[in-house]
Amino acid sequence: MRTSNLARTLREPAELVEHGLVRRDELTNLERVASRYAIAVTPAIAALIDPEDPNDPIGRQFIPTGEELFAQPSERADPIGDEAHSPLPGIVHRYPDRVLLKLAHVCAVYCRFCFRREMVGPGKETALAEPAYRAALDYIRTHPEIWEVILTGGDPLMLSPRRLSEIMADLAGIDHVKVIRLHTRVPVAEPARIGTAMVAALKVQGATTWVALHANHARELAHEARAAIARLIDAGIPMVSQSVLLKGVNDDFAALEALMRAFVECRIKPYYLHHGDLAPGTAHLRTTLARGQELMRALRGRVSGLCQPDYVLDIPGGAGKSPVGPNYLSQDSLAGQGEVAEEKRYRVTDYCGDVHLYPPA
Ligand code: SF4
């Protein structure tokens, strides 16, 4: 049985109990979780959750559990090191040609594994105040190497279309900003928000808009979500995906394959599969890098190249993203076979695991 026809977003543990999404005996623990981390389950997401299944892959992403109260020693409040690269509020400048612009601190839903869980949610500053926003724009204006601005947060599509359209125009008015990318969960979590006004707000003269959709299970790409995505893409806005590898959600081959195929069917190019970040209280949702590599190996060759994301790890502390997928190429020394030691032939592994030799030049 699913929790369909909700009229509003559930934000309190007691509401989750009332709608059968958590057991009453979990309430005390969940009140403790809620005092620390935001909760939001929109009607669209609630309709996807099977309350009879305690391991439902959608539920695992959005329904809080008492496990969130236990942080591991390796976990940290700012797991990907945004602060270390923040020259002023709202800006993260980690790589030369692009910046993050964090405008909003609220999201339609709150993911239990969120890497910014200590910064997002009600009670945090809800949006970058006007003077801070102006200072952030000045920073972008005075750094001509910035080619791309990535709106993230929080979810930028939680802003009103009117405000978003002003921001898009401000950014596109900066000569060297050629690409504006928005990272969002809204087409899945609140598809009705992607209406005519929102689509119009995202289209701007002077820069190209890209939308990166965060989704982790094929069931999230339900009928309404697919229609919202189509509204964006039909308007000429290209889309890519980002997903997080999550235990019990997509850490098996069939689930990952179905997710990547669903993206491509929706005209979304799979872009990133993130290894789970070391956010506090999220160990129960992380899997190992070895498992991630095994899954990526299984995807390769068995699923269209269009469906292959980059498996990446954000190095804790702020050193940036690195690809951590399996390696298919190594070099083999010919020393001892009458050849010079420096001359090495390549060993290339195919998708079945068979190794083939390739000449050095
Ligand atoms: S939508 Fe993004 S920023 Fe918001 S809670 Fe989920 S992962 Fe975090």
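Trainee: Which residues surround the ligand?

Mentor: Let's start there. The ligand is surrounded by Cys107, Val109, Tyr110, Cys111, Cys114, Arg185 and His214. Please keep in mind as you look around that this is a predicted model.

Trainee: How do the residues of that shell divide into nonpolar, polar and charged?

Mentor: Five residues of the shell are nonpolar, one is polar and one is charged. As for the site itself, the ligand takes up the space of the largest pocket.

Trainee: Now the sheet, please. What holds strands together, and what is the strand order here?

Mentor: The general idea is that strands of a sheet pair through backbone hydrogen bonds, either parallel or antiparallel. In this model, nine strands form an open sheet in the order β1-β2-β3-β4-β5-β6-β7-β8-β9, and the pairing is mixed. Its edge strands are β1 (91–95) and β9 (320–323), each of which pairs on one side only. On average, neighbouring strands of this sheet are turned by 30° against each other, direction ignored.

Trainee: Could you show me one pair? How many bridges join β6 to β7?

Mentor: Strand β6 (residues 239–244) and strand β7 (residues 268–274) run parallel and are joined by six bridges. To find the register, look for valine 240, which stands opposite lysine 269 in β7.

Trainee: And what does β3 pair with on its two sides?

Mentor: One partner is strand β2 (residues 98–102), which runs parallel to β3 and is joined to it by five bridges. There, valine 99 stands opposite valine 149 in β3. The other is strand β4 (residues 179–184), also parallel, with four bridges to β3. On that side, glutamate 148 has valine 179 of β4 as its bridge partner.

Trainee: How should I read the two faces of a strand, and which residues of β3 lie on each?

Mentor: In a regular strand the side chains alternate between the two faces of the sheet. For β3, Glu148, Ile150 and Thr152 lie on one side, while Val149 and Leu151 lie on the other. Both faces are covered, and these residues are all buried. Put as a count, five of the five residues in β3 (residues 148–152) are buried.

Trainee: Back to an edge strand: is isoleucine 91 buried or exposed?

Mentor: Isoleucine 91 is found in strand β1. Its relative accessible area is 0%, and a residue under 20% counts as buried, so isoleucine 91 is buried. For a sense of distance, the C-alpha atoms of isoleucine 91 and methionine 168 are separated by 16 Å, with these positions 77 residues apart along the chain.

Trainee: What about the backbone? Where is there a cis peptide bond?

Mentor: Look at glycine 153 and glycine 154, which are joined by a cis peptide bond with omega of about 10°. Glycine 154 lies in the loop between β3 and α6 (161–172).

Trainee: Which residue other than glycine has a positive phi?

Mentor: Try arginine 267, whose phi is near 70°. Arginine 267 sits in the loop between α10 (253–265) and β7. With a relative accessible area of 46%, this arginine is partly exposed.

Trainee: One last loop: where does glycine 325 lie?

Mentor: Glycine 325 lies in the loop between β9 and β10 (329–333). Its relative accessible area is 29%, so glycine 325 is partly exposed. Glutamine 308 is 17 residues apart from glycine 325 along the chain, and their C-alpha atoms are separated by 11 Å.

Methods. Residues are numbered from 1 along each chain as its sequence is written. This is a predicted model: local features need pLDDT of at least 70, side-chain atom pairs count only at pLDDT 80 or more; totals for chains, interfaces and linings use all residues. Side-chain values use heavy atoms; hydrogens and water are left out. A residue is near a molecule or strand if one of its heavy atoms lies within 4 Å of it. On a 1 Å grid over the protein atoms alone, a cavity is a set of points where a 1.4 Å probe fits but cannot get out, and a pocket is an open set with protein on both sides within 12 Å along at least five of seven lines; lining residues have an atom within 4 Å of a point. A molecule sits in a cavity or pocket if more than half of its atoms lie within 2 Å of its grid points. Ala, Val, Leu, Ile, Met, Phe, Trp, Tyr, Cys and Pro count as nonpolar, Asp, Glu, Lys and Arg as charged, and the others, Gly among them, as polar. Two strands pair if DSSP finds at least two bridges between them. Axes are lines fitted to C-alpha atoms, for helices over the stretch in contact, and angles run from 0 to 180 degrees between N-to-C directions. Buried means under 20% relative accessible area, exposed over 50%, partly exposed in between (1.4 Å probe, protein chains only).
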